Structures are given as C-alpha cells and as structure tokens.
Amino acid sequence: ALRRDCSITCLRISGAHIGDTGCGWVAGAVMRNRTLRQLVLSDNLISDEGLGGLAAVLDKNQTLTELDLSGNFITSEGATLLADGLRQ
C-alpha cells in the first residue's frame, strides 16, 4: 500500500527491530510513494549498511520532510551517506 500513491502521510515503525533488511523494504516503498511526509524508524537496529539503501532513494521522494532515525546504530559514516542522499 505504501508503494502506491495513497493517503498515508506519516509512518511510524518504532522499536520493531526491523534491522537493515526491513529498512531496505521501507526504502523501496518510500522511493515510489508520493504522499508520505513523516517517517519514523527509531530504535530498529538499523546500521550504516541499512541506511545506505534509504539514503539512495531520498532524492526520488519529493514529499518526505521529517525522518527520525534515533536510537539506531548509525555512525558518522552513515550520517554522511544520508546527507549525500539528501543533497542529490
């Protein structure tokens, strides 16, 4: 449902421990979604590796304005990947 245009504007997946694999699934959906504005992925055991997939699709989503990745295992390298994805 998230992959298609729909009315979802906020998606909160907190503490579900989706890890890097789950973050990849979310990234694929975010890439195609045209309504999502807020994405909360806090406390999900996401590392730099999982963040790389999400960072790569951020330039394709023009509606997302808020991203919460607090409580994950993201280092300064992952933050750089994310910043690079936002700049494109």
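This is a guided tour of a predicted model, stop by stop.

**Before selecting anything.** Residues are numbered from 1 along each chain as its sequence is written. In this predicted model, local features need pLDDT of at least 70, side-chain atom pairs count only at pLDDT 80 or more, and totals for chains, interfaces and linings use all residues, while side-chain values use heavy atoms, with hydrogens and water left out.

**Colour by confidence.** The chain has a mean pLDDT (the predictor's confidence in each residue, from 0 to 100) of 90, and 93% of its residues reach 70 or more. Among the elements of the chain, strand S2 (residues 38–40) has the highest mean, 97, and helix H3 (residues 76–87) the lowest, 88. Helices (H or I, at least four residues) and strands (E, at least two) are DSSP runs, numbered from the N terminus.

**Select the three strands.** They form an open sheet in the order S1-S2-S3, with parallel pairing; two strands pair if DSSP finds at least two bridges between them. Strand S1 (10–12) and strand S3 (66–68) are the edge strands, each pairing on one side only. S1 and S2 run parallel and are joined by three bridges. For one residue pair, pick Cys10 and its bridge partner in S2, Gln38.

**Move to Glu66.** This residue is found in strand S3. Glu66 is partly exposed, with a relative accessible area of 41% (buried means under 20%, exposed over 50%, partly exposed in between; 1.4 Å probe, protein chains only). Leaving aside residues up to four places away in sequence, Glu66 touches Arg37, Gln38 and Leu39, where contact means heavy atoms within 4.5 Å. Draw a C-alpha to C-alpha distance from Glu66 to Cys10: 9.3 Å, for residues 56 apart in sequence.

**Select H1 and H2.** The axes of helix H1 (residues 19–32) and helix H2 (residues 48–57) come within 8 Å and cross at roughly 5 degrees. Axes are lines fitted to C-alpha atoms, for helices over the stretch in contact, and angles run from 0 to 180 degrees between N-to-C directions. The two helices are therefore roughly parallel to each other (angles under 35 degrees count as such, over 145 as roughly antiparallel, 65 to 115 as roughly perpendicular and the rest as oblique).

Show the side chains where they meet: Asp20, Cys23, Ala27 and Met31 in H1, against Glu49, Gly50, Gly53, Leu54 and Val57 in H2.

**Stay on H2.** Asp48, Gly50, Leu51, Leu54, Ala55 and Val57 are buried in this helix. To see what covers the buried residues of H2, display elements including H1, S2, S3 and H3.
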